[in-house]
Amino acid sequence: MRVNRRDALRLCALSPLAAIGRQAAAAIAQPAATRGAPGRVRLAVSTYSYWHFKEQKYPVERVIADAARLGFDGVEILHRQMDGESPEYVNRLKQAAFRGGLAMPMLSIHQDFVSPDPKERQTAIDHTRRCIELAARLGIPAVRLNSGRWKTIKSFDDLMKVKGEEPPLEGYTLQDAFGWCIESIRACLPDAERHGVVLALENHWGLTTDVEHLLHIHKAVASPWLGINLDTGNFPGDPYAGIERLAPHATIVQAKTYYGGGEWYTLDLDYPRIAGILQKAGFSGWVSLEMEGKEPPETAVPKSLTVLREAFGLT
């Protein structure tokens, strides 16, 4: 019997990652530069593309339905957008993805390890560990991590105005923040390995705004269960230089678009150029769309999908 790719996704969507073994799961976190010849990139869409933290949540089920209709390969789930973590709700999302022939490659969470208070860091560790277990229940093989930030600039809008650069807390240094972050991630690794869920640390606004800081943490943790989530829109300087620096280490990629103007800023990203950088680095895996523009997702997401398909030769 011949099975096409969409049928294969339907068969696999509900299978727990443990069924394919821990070695296969750990391979997800392999840096691109250590893999074999690059294969076909797969395109997902983040549920964030439809919401942007507005007062009224955009239902995850509606995103899944639209992703299936448009022909995406998968849906990245934003944890804060979920309506809960009950078995009934989790199973409903899994079934919706299954019926749509979609994978769910990553659960994006928010936590902050940059704090001198051990209790605050433990709260972030506990939250991350719970989300690792949640990802396993959803059949999701990766969890997006943030490093966290100093919070000396209180407003995220103000942080965006200075491109993520904020001063340390008085009396503390960058080395303190590195230590807190590395120690906290290491505390989560046994859970990641046990559940077969890779942690993907993002170049997000905060400690890892600087790609060298991100790579320092990644190298210091030195675990196959910690990968890197390369976000194409989170570079304070030349994005292509940042992408080239991270591409050989990338586990998964988030691809920003800004139709209608960005919620915080707008970048005119050259995706054929980005696709070439990723291909040269040997990347093959998931590219997840994060449409962060003000244009309604009903029109902006299809436009973005076309851009990514053409850039990665998927038309």
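Biologist: How much space lies in the second largest pocket?
Modeller: Keep in mind that this is a predicted model. Rolling a probe the size of a water molecule over the atoms shows where empty space is left. For the second largest pocket, that space comes to about 540 Å³.

Biologist: Which residues that line the second largest pocket are the closest to its centre?
Modeller: The lining of this pocket is made of 29 residues. Those closest to the centre are Phe53, His110, Asn146, Phe156 and His204.

Biologist: Which element gives the most to the lining of the second largest pocket?
Modeller: Two elements give two or more residues to this lining: strand S7 (250-257) and helix H6 (156-161). With three residues, the one that gives the most is H6.

Biologist: How do the residues of that lining divide into nonpolar, polar and charged?
Modeller: We can sort the lining residues of the second largest pocket by class. The split is eight charged, nine nonpolar and twelve polar.

Biologist: Nice! Now to the helices: are H7 and H8 parallel or oblique to each other?
Modeller: The axes of helix H7 (residues 174-195) and helix H8 (residues 211-221) come within 10 Å, and they cross at roughly 45°. H7 passes H8 in a right-handed crossing. An angle from 35 to 65 degrees counts as oblique, so the word for H7 and H8 is oblique.

Biologist: How many residues of the contact of H7 with H8 are nonpolar?
Modeller: On the H7 side, the contact includes Leu174, Phe178 and Ile182. On the H8 side, Ile217, Ala220 and Val221 are among them. By class, the contact has one charged residue and two polar ones, and the nonpolar residues number nine.

Biologist: And are H9 and H10 parallel or oblique to each other?
Modeller: Helix H9 (residues 239-246) and helix H10 (residues 271-280) have axes that come within 9 Å and cross at roughly 20°. Angles under 35 degrees count as roughly parallel, so H9 and H10 are roughly parallel.

Biologist: Which residues in H10 does H9 meet?
Modeller: H9 passes H10 in a right-handed crossing. From H9, the residues are Tyr240, Ile243 and Glu244, and in H10 they meet Arg273, Ile274 and Ile277.

Terms used: Residues are numbered from 1 along each chain as its sequence is written. This is a predicted model: local features need pLDDT of at least 70, side-chain atom pairs count only at pLDDT 80 or more; totals for chains, interfaces and linings use all residues. Side-chain values use heavy atoms; hydrogens and water are left out. On a 1 Å grid over the protein atoms alone, a cavity is a set of points where a 1.4 Å probe fits but cannot get out, and a pocket is an open set with protein on both sides within 12 Å along at least five of seven lines; lining residues have an atom within 4 Å of a point. Grid points are joined across faces, edges and corners, and a volume is the space filled by probe spheres set on the points. Helices (H or I, at least four residues) and strands (E, at least two) are DSSP runs, numbered from the N terminus. Ala, Val, Leu, Ile, Met, Phe, Trp, Tyr, Cys and Pro count as nonpolar, Asp, Glu, Lys and Arg as charged, and the others, Gly among them, as polar. Axes are lines fitted to C-alpha atoms, for helices over the stretch in contact, and angles run from 0 to 180 degrees between N-to-C directions. Angles under 35 degrees count as roughly parallel, over 145 as roughly antiparallel, 65 to 115 as roughly perpendicular and the rest as oblique. A crossing is left-handed if the near helix is turned anticlockwise from the far one by less than a right angle, and right-handed if clockwise. Contact means heavy atoms within 4.5 Å.
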